[in-house]
Structures are given as structure tokens and as C-alpha cells.
Amino acid sequence: MPRAKPEVEALTPYIAPLEGRRALLRLDFNESMVGPSPKVVDAIRGLPPEAYATYPEYAGLTDPFAASLGVPADRVEPFNGVDAAIRAVFDAYGERGATFLTTVPTFGYYEPCAQQQGMVIDAVPYADDLGYPLDELGKRLEAAPRLFFVCNPNNPTGTLLPPATIVALARGAPDTLVVVDELYVAFTGRSVLPAALELPNVIALHSLSKAAGLAALRLGFAVGHPTVLDRLRRVTGPYDINMFAVVAGRAALADADHMRRYVAEVAAAKAWTIAELQRLGVRHFAGGGNYLLVWPPRDCGRVVQALREAGILVRSMAGKPVIDGSVRLTVGTRPDMERFVTAFAGAIG
């Protein structure tokens, strides 16, 4: 039987448990709890039959997204979800023996992408208080690693760095491509853009999966220097983004009020949930994003199972460095969180 290259044979793939979730309250993957703008659904339903039979056209997608960020359109490249953009970064800039600098814990897809390229992974742990290991990262950047990923706010911890700090790190490491994963920027309002556009070694990653509710359609964007975007384009297929995603993206961007209302609803529900966790005396960490970490005061696995039996999903962080024993909790609407708090209080009582 043919064998894959050694890096793939040794790889443990990133697998998310996605099946059997739709009938439950999904507080495990930071998805939208209300779905996209009704204009998105109308736009997809309005596609004529010939749209299914022709290759997708991308005109009218990049310009409105760039306008929403206040950046030039030539600084934006769409992808089949941010995962595809991440993969393109490693395909274009990863190299056997080169160093990939990151933190731990962080988004789990970065590491297998680096492993596939045979890169050396230098993962700096977060502090026990989940503070960003800024001093140590600054020292590691002096060695000019090939790639440096900053997940901001970090998933799963929620740790949020000031954008000016990230820009300063990138400015001091001109030979390193600094990739800033900003998937949750709608919930923080804090981006390295447009300031980072002054630098040729920074790429910011954005998505319409979270606040816009388009996770199923897979639409992300890389924003940065045209030269870097050109290299990412070279390793990406010509029709990677399907027509449904294009049409949905246009419609979502045309209804920014829908996203703003949802972000405000999540912010209010998050504040309420934090107050309830404080009332219950439960340890938690609430940084940026539409999620937070919760440490159940009894066996974490049993609490996760009890919640599932109550029809509620949360994401266990069991075995992860620094945050073992916690769960990552997506924040939805106020009714969603009231249901969670009631079930959680019963599970730990």
C-alpha cells in the first residue's frame, strides 16, 4: 500500500466532534445562536438553476468586506473559511526545519498544519493566570522564526492582546510572517487593522462564521500586504469558495445591523452569565470573544455529561495545558444562558 510522506504518517489530525449536535443547545463551538440575516436566506433561495451549474464568480464580495474594515480592496483575499487561509499560509511559507512560533493552548489546527510541513514547533505556554507570555515571545522572535501565529483573542483562553502590542512585535521581527487570527474581532472591536497594513510581514485573518452566522458556508478572509496575498493565492485552488458562500457573504455584508444587534445581545448575555458564575462561586475566565472558560467545582467530565443529558453541549478542555479541568462555554442569547445556568447549577449541586 502506498505511504504518505513521513510527516503525514506521523500526524494526529485535528478532528472536531461535529455529529449529532443540531438538536441540542450548541454552546461548544462558538457558533451564532440566531443564524444569519434573513437577507442571506432570501439571497440563496433566489439563486436561479443555472447558478448551480456554473463555476462561481467572486465580483462584489471583496469590495464590501474591505469597506467594512476600512482597508483597500487589494489588501483582501477571500478563502473557503479561515481554515483554508491558515493552510495556505503553511503551504506557502512553511518549510521543513523552519520554526513555527505559537502559544499553548491555542487553536488546535495550527499544529497539524505545521507538522505537515516538517516545521519545528516552538509553543510557549500561557501563564497560570492566562496572561499572554509577552516577554518570552519577544525573546523567541529574536531568532527570526519563519511563522508566528497570534490568536487574538486566543481560542480557547480568551486572552486579548492590545493590537498596538502585536504591531510592535511584528515591527521588531521583519523576517517573520506574523499571522493574527482575529476571528472574534466583531465581539472585541480590537483589530491590528488598518495599522498593520503599514508592515509587509503581517496578515490578519477574519471570518463571517461567528457574528454573521455563516459557519456552515465557510467564508473567511486574509488581509495584508499584496505580495503575501499573492503567495497565498498561488497555493489555493481557483474555485475553492462555492457560490452559496459568495452570495451569502454579499448579503450578510449588506446587513451589518444584523451582526451589530447580535454582538450587542451576546455582550449583554455574557455580562449576565459572568454575574451568575460569580454568584455560584465558580471559577471562570472571561476575556475577549463570544466564549469564556469555566472550571466546574466537581468532576469536569461528569458535569459535561450531565449538561449533555440536559440537551446542552459545552467543550471540555480536559488534558489541555494550563486549562485542564475547565470547559469552554459559548455565549449565546440571554435565554440560552439562562437555560445553561439552570442546568449547570443542578449539575454541580
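Q: Given that buried means under 20% relative accessible area, exposed means over 50%, and partly exposed covers what lies in between, why is Arg233 called partly exposed in this predicted model?
A: The relative accessible area of Arg233 is 39%, and because this value is neither under 20% nor over 50%, the residue falls in between and is called partly exposed.

Q: What makes Glu77 count as buried?
A: Glu77, which lies in strand 2 (residues 76-79), has a relative accessible area of 15%. Because this value is under the limit of 20%, Glu77 counts as buried.

Q: Which residues does Glu77 touch, not counting those up to four places away in sequence?
A: With those sequence neighbours left out, Glu77 touches Gly220, Phe221, Ala222, Leu229 and Arg233. With Arg233, the side chain of Glu77 also makes a polar contact of 2.8 Å.

Q: Why is the pair of Glu77 and Arg233 called a salt bridge?
A: The term asks for a side-chain nitrogen of Lys or Arg within 4 Å of a carboxyl oxygen of Asp or Glu. In this pair the closest N and O atoms are 2.8 Å apart, so the requirement is met and Glu77 forms a salt bridge with Arg233. Since Glu77 lies in strand 2 and Arg233 in helix 10 (residues 226-234), the pair ties together parts that are 156 residues apart in sequence. In general terms, side chains of opposite charge can pair when their charged atoms come close.

Q: How do you know that Arg87 and Asp91 are separated by about one helical turn?
A: Both residues belong to helix 5 (residues 82-93), and because they are four residues apart there, about one helical turn separates them. Their side chains meet in a salt bridge, with 3.2 Å from N to O, a distance that is within the limit of 4 Å. Arg87, at 31% relative accessibility, counts as partly exposed, and Asp91, at 29%, is placed in that class as well.

Q: What makes the salt bridge of Glu95 and Arg146 a link between distant parts of the chain?
A: In this salt bridge, the closest N and O atoms are 2.9 Å apart. Glu95 sits in the loop between helix 5 and strand 3 (99-104), while Arg146 sits in the loop between helix 7 (134-141) and strand 5 (147-151), and the two are 51 residues apart. Glu95 is partly exposed at 41% relative accessible area, and Arg146 is partly exposed at 32%.

Q: Which residues do salt bridges that share partners join into one network?
A: The network consists of Glu77, Asp230, Arg231, Arg233 and Arg234. A search of the whole structure finds 17 salt bridges.

Q: Why are strand 2 and strand 4 called edge strands?
A: Seven strands form an open sheet of mixed pairing, in the order 2-8-7-6-5-3-4. Strand 2 and strand 4 (120-125) are its edge strands, each of them pairing on one side only. From one strand to the next, the twist averages 20°.

Q: How do you know that strand 7 and strand 8 pair?
A: Pairing calls for at least two bridges between two strands, and five bridges join strand 7 (residues 202-207) to strand 8 (residues 220-224), so the two strands pair, running antiparallel. Within this pairing, Ser207 has Gly220 of strand 8 as its bridge partner. Helix 5 packs on the sheet, where the strands it touches include strand 7 and strand 8, and its direction makes about 160° with that of strand 5.

Terms used. Residues are numbered from 1 along each chain as its sequence is written. This is a predicted model: local features need pLDDT of at least 70, side-chain atom pairs count only at pLDDT 80 or more; totals for chains, interfaces and linings use all residues. Side-chain values use heavy atoms; hydrogens and water are left out. Buried means under 20% relative accessible area, exposed over 50%, partly exposed in between (1.4 Å probe, protein chains only). Contact means heavy atoms within 4.5 Å. A polar contact is a pair of N or O atoms within 3.5 Å; within protein, one must be able to donate a hydrogen and the other to accept it, and residues adjacent in sequence count only if both atoms are side-chain atoms. Axes are lines fitted to C-alpha atoms, for helices over the stretch in contact, and angles run from 0 to 180 degrees between N-to-C directions.
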